Amino acid sequence: MLLIPCPWCGNRDEVEFRYGGQAQVPYPVDPTSLDDAAWADYLFVRDNHCGSYAERWVHADGCRRWFDVVRDTATNEFAP
Ligand SMILES: [Zn+2]
């Protein structure tokens with residue numbers, strides 16, 4: 001069982017959450033200047049490395065709020 005630290009509810013079971021992907025992906029400065037390939041990269045290509053990873057989660061079965069958290073993808077430990 002994975003306990004995810006919701007900033008408002010505390011540690012809760014992972015079944016209450018939905019994963020939202022990589023966090024802190026900067027929006028393009030001039031999105032109208034992007035070609036289709038660059039726009040697709042922004043929408044769909046994300047980092048996939050082992051170690052600390054900033055993620056978006058929503059507490060779907062709880063307070064229903066979105067938040068960012070840093071998780072170690074190798075150990076599933078969340079940064080405080
Ligand atoms: Zn919550």
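Start by selecting Glu-55: this residue is buried, at 0% relative accessibility. Keep in mind as you look around that this is a predicted model.

**Stop 1: the partners of Glu-55**

With Glu-55 still highlighted, add Arg-71. Their side chains form a salt bridge, with N and O 2.6 Å apart. Along the chain the two are 16 residues apart, with Arg-71 belonging to strand 5 and Glu-55 to strand 4, so you are looking at a link between distant parts of the chain. Is Arg-71 buried or exposed? Its relative accessibility is 14%, and because buried means under 20%, Arg-71 counts as buried.

Now add Gln-22 to your selection. Gln-22 has Glu-55 of strand 4 as its bridge partner.

**Stop 2: strand 4 and its neighbours**

Next, select residues 52-58, which make up strand 4. How many of its 7 residues are buried? The count is 5, leaving this strand mostly covered.

Color residues 18-22 to bring up strand 3, which pairs with strand 4 in the antiparallel sense over 3 bridges. Then color residues 66-72, which form strand 5. Strand 5 also pairs with strand 4 in the antiparallel sense, here over 7 bridges.

While the strands are on screen, show their side chains too. In a regular strand, side chains alternate between the two faces of the sheet.

**Stop 3: Arg-56 and Asp-68**

Move one step along to Arg-56. Which residue of strand 5 stands opposite Arg-56? Select Asp-68 and you have found that residue. The two also form a salt bridge, their closest N and O atoms being 2.6 Å apart. Since Arg-56 sits in strand 4 and Asp-68 in strand 5, the pair ties together parts that are 12 residues apart in sequence.

Try a surface view of this pair. Arg-56 is partly exposed, with a relative accessible area of 28%, and Asp-68 is partly exposed as well, at 38%.

**Stop 4: Arg-12 and Glu-16**

For the last stop, select Arg-12 and Glu-16. Here is another salt bridge, with the closest N and O atoms 3.5 Å apart. Arg-12 is partly exposed at 31% relative accessibility, whereas Glu-16 is buried, with a relative accessible area of 16%.

Why might such side chains meet at all? Side chains of opposite charge can pair when their charged atoms come close.

**Before you close the viewer**

How many salt bridges does the structure hold? There are 4, among them Arg-71 with Glu-55, Arg-56 with Asp-68, and Arg-12 with Glu-16.

Notes:
Residues are numbered from 1 along each chain as its sequence is written. This is a predicted model: local features need pLDDT of at least 70, side-chain atom pairs count only at pLDDT 80 or more; totals for chains, interfaces and linings use all residues. Side-chain values use heavy atoms; hydrogens and water are left out. Buried means under 20% relative accessible area, exposed over 50%, partly exposed in between (1.4 Å probe, protein chains only). Helices (H or I, at least four residues) and strands (E, at least two) are DSSP runs, numbered from the N terminus. Two strands pair if DSSP finds at least two bridges between them.
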